[in-house]
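Open your viewer and keep the selection box at hand. We will go from the whole chain down to single residues.

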Amino acid sequence: MPRPIRFNAFSMNAASHQSPGLWRHPRNTSVAFNRLSYWTDLARLLERGLFDALFIADVLGIYDVYQGSPQAALRGGVQVPVNDPLLLVPAMAGVTEHLGFGVTFSLTYEHPYPFARRMSTLDHLSNGRVGWNIVTGYLDSAARNLGLARQRGHDQRYDLAEEYLQVLYKLWEKSWDDDAVLLERESGRYIEPSRVHPINHVGEHFQVPGMHLCQPSPQRTPVLFQAGASARGQQFAARHAECVFISGPTPTVLRRYADGIRQACEAAGRGRDEVLIYAQALLIVAPTREEAEARFNDYRRYVDPDAALALLSGWTGIDFAGLDPDAPIEYVENDAGRAALAAFTAADPTRRWTVREAAEFVGLGGRGPVLIGAASEVADQLETWLDHTGIDGFNLTYAVQPDDLANVVDLLVPELQRRGRYPLSYTEGPLRHKLFGRGGQLPERHVGRQVSIQ
């Protein structure tokens with residue numbers, strides 16, 4: 001039986017996310033990102049399309065690598081202005097019943113104790129539909145604004161992340177017993193004190209002696225998302241992640257990433273199927289191929305090349321303004337996002353990308369492919385990509401909102417359902433159970449369940 005195709009939507013609390021310049025398109029409503037109705041309408045649309053989750057990206061700095069200045073990012077609205085993604089969740093959860101919410105939060109710049117409370121709160125308010133996209137950051141501008149001369153080294157950020165997760169697991173999984181809350185009105189006992197435990201964490205980076213402030217939420221630990229595709233990122237994902245996001249322009253790149261992640265999971269003592277892998281893509285679907293191609297050509301007129309280079313420079317840590325546009329991109333080891341650069345260099349030995357080609361590719365849909373056609377044609381392409389790369393689904397970005405995702409819901413989803421490649425309804429229960437069918441809590445052998453407190 002063919003494997004089902006899974007969808008997340010990929011967005012950001014900003015007017016411009018993965019298609020720089022498309023905010024100018026007359027049908028694009030993404031400039032209304034400051035309005036709550038924009039997000040509640042999107043959540044309803046995605047739930048109607050039986051999407052697993054809305055995944056919301058985030059950055060804490062501005063893209064200032066290109067030309068050594070933030071000017072191109074500011075002019076083009078390159079992921080700026082950008083608002084907090086966590087604050088959107090309660091409103092969207094209030095108008096949906098099943099849709100999950102994966103929110104991005106960079107652990108490098110905030111103590112884990114208050115963050116643990118925020119995520120537990122969201123898990124309570126959404127009835128167990130929250131996931132956390134674990135990121136360590138890649139912009140020096142973010143580090144400078146948060147009191148550091150520059151960001152930590154790439155591997156140092158992951159070393160910090162390991163201890164950060166240990167603190168969170170202790171708070172979420174071990175601080176409160178399941179039966180700690182009594183709610184005994186007659187005796188006046190709200191909580192049994194012996195069932196709430198201080199975690200007494202003393203580590204290299206953090207000291208947290210006390211107990212978690214929240215009672216156990218439906219999932220305790222939110223579903224753990226992660227997007228690192230470097231060797232160190234894959235090692236981290238193999239220990240912690242339940243859903244992994246990858247980006248790459250070709251099936252060769254995606255296959256290499258997916259194989260690496262699953263092999264790393266096996267090396268870490270986990271099964272290959274204990275993670276779901278989603279690949280980024282932009283789908284341009286229309287009633288006919290001719291209409292889809294016309295839509296694609298229309299979109300290309302709004303791409304902002306300078307904004308695309310600002311985005312690519314920020315992702316990779318390389319100022320592409322100083323390079324010959326027709327020169328091939330070379331891999332350079334640095335402390336920015338290594339996977340972004342590797343996707344255009346070492347990850348695909350069959351292709352040499354020039355600066356110009358990479359900028360044109362990123363300009364529409366970011367680092368993922370753009371698949372175009374009528375619903376049946378795009379369904380064919382999705383089946384091929386999924387079956388040949390070993391991924392589990394797609395993290396769908398958009399060029400024009402709501403057109404692109406609405407066409408996926410109204411045209412493509414029914415076609416995939418007819419083929420038996422897409423669910424017909426949601427599974428009841430928390431997000432983790434919807435994704436894996438094994439209950440709402442972390443699996444017993446997950447590293448998060450293995451922590452202990454003194």
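Helices and strands here are DSSP runs, a helix having at least four residues and a strand at least two, and they are numbered from the N terminus. With those labels you can place glutamine 219: it is in the loop between β8 (207-208) and β9 (223-226). Keep in mind that this is a predicted model.

**Stop 1: the whole chain**

Select everything and color by secondary structure. The chain has 16 helices and 13 strands. Turn the view along the principal axes. The C-alpha atoms fill a box of roughly 70 × 50 × 45 Å.

How does the radius of gyration of the chain fit a compact globule? A compact globule of 454 residues would have a value near 22 Å, and the chain has 22 Å, so the two agree.

Now switch on the surface. The accessible surface comes to about 17,900 Å². Carbon and sulfur atoms own 51% of that area. Of the 454 residues, 59% are buried.

Look at the contacts next. Take those with a separation of 6 or more: 77% of them are between residues 24 or more positions apart.

Color the charges too. There are 45 positive and 53 negative charges in the chain. Their mean positions are 1 Å apart.

**Stop 2: glutamine 219**

Go back to residue 219 and show its side chain. Is glutamine 219 buried or exposed? Its relative accessibility is 0%, so glutamine 219 counts as buried.

Show what surrounds it. Leaving out residues up to four places away in sequence, glutamine 219 touches Asp123, Gly128, Arg129, Val130, Glu173, Pro430, Leu431, Arg432, Gly440 and Gln441.

Draw a distance from glutamine 219 to glutamate 97. They are 122 residues apart along the chain, and their C-alpha atoms are separated by 16 Å.

**Stop 3: histidine 98**

Select residue 98. Histidine 98 sits in the loop between α3 and β3 (100-106). Histidine 98 has a relative accessible area of 11%, under the 20% cut-off, so it is buried.

Which residues does histidine 98 touch, not counting residues up to four places away in sequence? They are Glu47, Arg129, Tyr426, Thr427, Glu428 and Lys434. Keep Arg129 on screen for a moment: it is among the contacts of histidine 98, and also among those of glutamine 219.

**Stop 4: leucine 323**

Move to residue 323. Leucine 323 is in the loop between α10 (305-316) and α11 (338-342). At 39% relative accessibility, leucine 323 counts as partly exposed. Leaving out residues up to four places away in sequence, leucine 323 touches Ile318 and Val355.

Add leucine 45 to the selection. It is 278 residues from leucine 323 in sequence. In space, the two are 42 Å apart, C-alpha to C-alpha.

**Stop 5: the cysteines**

Search for disulfides. How many does the structure hold? The count is zero. Select cysteine 243, which is in no disulfide. The nearest cysteine sulfur, that of cysteine 265, is 11 Å away. A disulfide needs the two sulfur atoms within 2.5 Å, so this pair does not qualify.

Check burial here as well. Cysteine 243 has 0% relative accessibility and therefore counts as buried. Then select cysteine 214: at 12% relative accessibility, it too counts as buried.

**Stop 6: two cis bonds**

Zoom in on the backbone from valine 80 to proline 81. This peptide bond is cis, with omega near -5°. Proline 81 lies in the loop between α2 (71-76) and α3 (89-94).

Jump to glutamine 401 and proline 402. A cis peptide bond joins them, with omega about 10°. Proline 402 is in the loop between β13 (393-397) and α14 (403-418).

**Stop 7: positive phi**

Select asparagine 127. Its phi is positive, about 60°, although it is not a glycine. Asparagine 127 is in the loop between α4 (112-125) and β4 (130-135). With 59% relative accessibility, asparagine 127 counts as exposed.

Finish at leucine 183. Phi of leucine 183 is also positive, near 55°. Where is leucine 183 placed? It is in strand β5, residues 181-184. Its relative accessible area is 48%, so leucine 183 is partly exposed.

Technical notes: Residues are numbered from 1 along each chain as its sequence is written. This is a predicted model: local features need pLDDT of at least 70, side-chain atom pairs count only at pLDDT 80 or more; totals for chains, interfaces and linings use all residues. Side-chain values use heavy atoms; hydrogens and water are left out. The radius of gyration is taken over C-alpha atoms; the globule rule is 2.2 Å times the number of residues to the power 0.38. Buried means under 20% relative accessible area, exposed over 50%, partly exposed in between (1.4 Å probe, protein chains only). Contact means heavy atoms within 4.5 Å. Accessible areas come from the Shrake-Rupley method with a 1.4 Å probe; for residues, only the protein chains shown count as cover. Lys and Arg count as positive and Asp and Glu as negative; His and the chain ends are not counted. The place of a charge is taken as NZ of Lys, CZ of Arg, CG of Asp or CD of Glu.
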